[in-house]
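Reader: Got a minute to walk through this one with me? I'd like to start with the ligands and then wander.

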Amino acid sequence: MSAAPSPPPELVTLTVDGRAVSVPAGTLVWDACEKAGVFVPVYCAHKKMDPVAVCRMCLIEVGTMPKLQPACATVVQAGMEVRTATDRVQRFRQGNMEFLLLNHPLDCPVCDRGGECDLQDFAQRYGPPRSRTAITGKVHFDKARPLSDRIMLDQERCILCWRCVRYCDEITGDRAIVLQERAVHTVVDTFEGRPLTGPFQGNLPEVCPVGALTHTAYRFRSRPWDLQRTPSVCPGCSYGCTVGIDSRDNAVVRFVSQDNPDVDDSWLCDRGRYGFPELNRQDRVLTAELSLEGPVRAVGALEAVGAAARALAGVLERHDPDQVACLGTPQMTNEEAFCLQWLGRDVIGTPHLDHQLEPWPDLAPDEFRLAIRELEDCDTVVVLGERPEAATPVLTLRLYKAERKRGRQVLRIAADADPTELAGRVRDRGRVGVVAHEADRDRARAVATALAAANGSVHRLTLTEGMNGRGCKDLGLLPGLGPGYRRLDRAGMHGRAILAAAAEGRLRALVVVGPNPEMEQDPAYEAAIARVPLVVALTPVRGLLSRHAQALLPGRTMAEKQGTVTSSEGRVQRIRVALQPRIGAPPPELRLLVELGRSLGGTWESAPLATPAFDVICDAVPAYRGTRGGLRAAWPGTGGAA
Ligand code: SF4
Ligand code: SF4
Ligand code: FES
């Protein structure tokens, strides 16, 4: 976005435990300590929320000030002398811990937070060596009370840090959690005892520094030291939130958020966070199956690839390549999508290939020139209809932040609103962002054009469907557009037209990579693929596709493979192997697709591994060069690499 560069911030130099450190004016002492490499314990402070300084855990000495000061709420001053480890500070921390533990239950052994609890850790590091309170003298509160079907509250474990209350105020705005009663009887609860209903509940246990708020789905499932942790990307939609996939005994037990300030800002939506059971599905395609010449028989994956290639070659000898089509899925990696379009266009020679049902005319990288983070820098953000936020829920939190913390105007309008009437509703003339779902691409363009005439600088962000709908488009898994949005002479059929041709008996063979939930839920899908004489399918799960395939190849879930995916804003991020394939498991999908193409006479330059395949992509689509490390593709005129 063409924002005027802001002047460099004025730097302030102070000392922390004798170490000089320079930070921008306005920085909190807590952040300055972190920059100086000095750890200060906190409970109520949170990087994404305003300070309230209620827990007193972070008190430190400052210069000659007579009282200890909260590091989380004190702003640095030039020449300030901060001392974090004096006897006075340590005595205070010990006393504070004693208060916090006064009525805390002794249930660490059965608490889901055990092993990753700040109360447990700080009690060991800063607390008194023994308790002076009798166990029988503790005040008791409610334990294990469901706040919804997702979140459990244990009021006894709460240390009243207010983080959950502030999260519901500052981050989601639903004010669903409140503090009730007074003094030692103060408790956290939902507003008027109503169950939580919001779509961002799953962030609460991560916000809570202790085991007071926990995930129902994770209760008694694991200890942190038993987990394998794999950084990856949420497969729930095209927003591209960074997740940690935590697994145990080769099954995913939870998704945890990882702060990516450019994308998720450390929040996940519940649909994404609690969608992990999909990766543990038991109805898997684990071996290849052939039914080309008789009853179904299990065979090795590479044997099945060879048989599928011979069957496809037979079709191509007798029929025009136009009678063959390829269907992918926006859940494919970039490497797989690029490979499937190579197999379809270059090897089989068909123009009919797609990854979605509906055609989206006039696709161009200009539709995602606006980055997610830049929404906060727009003077006005116009959101078309409900579909963008329904498709990519964490977008709602970014819009709320832009509105609440940055004072920006967020204008939600009907998707079919008259663009010419909009200009008068835009509060300030300046930078305008237009956010739309891809189904409203043409309307978004009309709105942007109308606003540009009145305001000047207007950029668009178009939200695509599926984890990698953007990558499939970027890499040409579409009719009529090659890799890099290159217009082709031959315009093929889009997804729905392919299904119609199949249903009418005009297709002799289909190569399908699944699962594709959008297509498989369509009433026309099953009848269409059932009419095609040869279906070569590659899918990790059983369903319509596996039932109708004559050559069925076993696929992998996103937790079992590596590769890259591209989010709606054009950010290219890496997914990694979180669940190890069993010994003797079939090769990854990319290798099977490459072998299928090679068996049909195609030449694939790269070794069949994700990293070299990415180099092949970069040669075909130069915008992808320089995206390593999770950067945006640099399309001409879009800025990119942010
Ligand atoms: S429930 Fe957790 S986040 Fe909420 S006030 Fe208590 S300790 Fe803090
Ligand atoms: S917004 Fe999308 S990517 Fe982010 S957590 Fe939700 S489903 Fe996952
Ligand atoms: S972290 Fe500073 S007062 Fe709570």
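Reader: Okay, which residues are around ligand 2?

Author: This is a predicted model, to say that up front. Around ligand 2 you find Cys234, Gly236, Cys237, Tyr239, Gly240 and Cys241, then Leu268, Cys269 and Gly272, and also Pro393 and Val394.

Reader: And how many nonpolar, polar and charged residues does that shell have?

Author: The ligand 2 shell has 8 nonpolar and 3 polar residues, with no charged ones.

Reader: Now ligand 1. Which residues come nearest?

Author: Cys158, Cys161, Trp162, Cys164 and Cys208 come nearest, out of 13 residues around ligand 1. By class, that shell has 12 nonpolar residues, no polar ones and 1 charged.

Reader: Switching to salt bridges. How many are there?

Author: The count comes to 59. One of them joins the side chains of Arg404 and Asp169, at 3.6 Å from N to O.

Reader: Where do those two sit in the chain?

Author: Arg404 is in helix 10 (residues 394–404) and Asp169 in helix 4 (residues 163–171), so to speak a link between distant parts of the chain, 235 residues apart.

Reader: Are they buried or exposed?

Author: In between. Arg404 has 35% relative accessibility, so it counts as partly exposed. Asp169 is partly exposed as well, at 22%.

Reader: What about Glu376, what does its side chain meet in a salt bridge?

Author: Arg406, with 3.3 Å from N to O. That pair also links distant parts of the chain: Glu376 is in the loop between strand 17 (353–354) and strand 18, and Arg406 in the loop between helix 10 and strand 19 (409–413), 30 residues apart.

Reader: Why is Glu376 called buried when Arg406 is partly exposed?

Author: Buried means under 20% relative accessible area. Glu376 has 7%, so it is buried, whereas Arg406 has 36% and is therefore partly exposed.

Reader: Which residues are linked with them in a network of salt bridges?

Author: The network links Glu376 and Arg406 with Lys48, Asp259, Asp265, Asp377, Arg398 and Lys401.

Reader: And what does Arg431 form a salt bridge with?

Author: Asp379, and the closest N and O atoms are 3.5 Å apart. Arg431 is in the loop between strand 19 and strand 20, while Asp379 is in the loop between strand 17 and strand 18, 52 residues away. Arg431 counts as partly exposed at 21% relative accessibility, and Asp379 counts as buried at 16%.

Reader: New topic: where is Glu367 found?

Author: In the loop between strand 17 and strand 18. Glu367 counts as buried, because its relative accessibility is 2%.

Reader: What does Glu367 touch, leaving out residues up to four places away in sequence?

Author: Glu367 touches Arg441, Arg460, Leu461, Thr462 and Arg470. Gly127, by contrast, is 55 Å from Glu367, C-alpha to C-alpha, and 240 residues away in sequence.

Reader: Arg441 is in helix 11, right? Which residues of that helix are buried?

Author: Yes, Arg441 is one of the buried residues there, along with Ala444, Val447, Ala448, Leu451 and Asn455. Down the helix 11 axis, the buried residues fall within an arc of 120 degrees, so they line one face. In general, an α-helix has 3.6 residues a turn, so residues three or four places apart point the same way.

Reader: What's exposed on the other side of helix 11, and what covers the buried residues?

Author: Asp442, Thr449 and Ala453 are exposed on the other side. The cover over the buried residues includes strand 18 (380–384), strand 20 (432–437), strand 21 (458–463) and helix 12 (469–474).

Reader: How far apart are the end C-alpha atoms of helix 11?

Author: They are 20 Å apart, which agrees with the 21 Å that its 15 residues should span at 1.5 Å a residue. Just after helix 11, Gly456 takes a positive phi of about 100 degrees.

Reader: Last one, helix 13. Which residues are buried there?

Author: In helix 13 (residues 495–503), Gly495, Ile498, Leu499, Ala501 and Ala502 are buried. They line one face of helix 13, because they fall within an arc of 160 degrees seen down its axis.

Reader: And what do they pack against?

Author: The buried residues of helix 13 pack against strand 16 (324–327), strand 17, strand 24 (509–513) and helix 15 (524–531). Just after helix 13, Gly505 has a positive phi of about 80 degrees.

Terms used:
Residues are numbered from 1 along each chain as its sequence is written. Chains are lettered from A and ligands numbered from 1 in the order in which they are written. This is a predicted model: local features need pLDDT of at least 70, side-chain atom pairs count only at pLDDT 80 or more; totals for chains, interfaces and linings use all residues. Side-chain values use heavy atoms; hydrogens and water are left out. Helices (H or I, at least four residues) and strands (E, at least two) are DSSP runs, numbered from the N terminus. The expected span of a helix is 1.5 Å times one less than its number of residues. Buried means under 20% relative accessible area, exposed over 50%, partly exposed in between (1.4 Å probe, protein chains only). The arc is that of the directions from the helix axis to the C-beta atoms. Contact means heavy atoms within 4.5 Å. A residue is near a molecule or strand if one of its heavy atoms lies within 4 Å of it. Ala, Val, Leu, Ile, Met, Phe, Trp, Tyr, Cys and Pro count as nonpolar, Asp, Glu, Lys and Arg as charged, and the others, Gly among them, as polar. A salt bridge is a side-chain nitrogen of Lys or Arg within 4 Å of a carboxyl oxygen of Asp or Glu.
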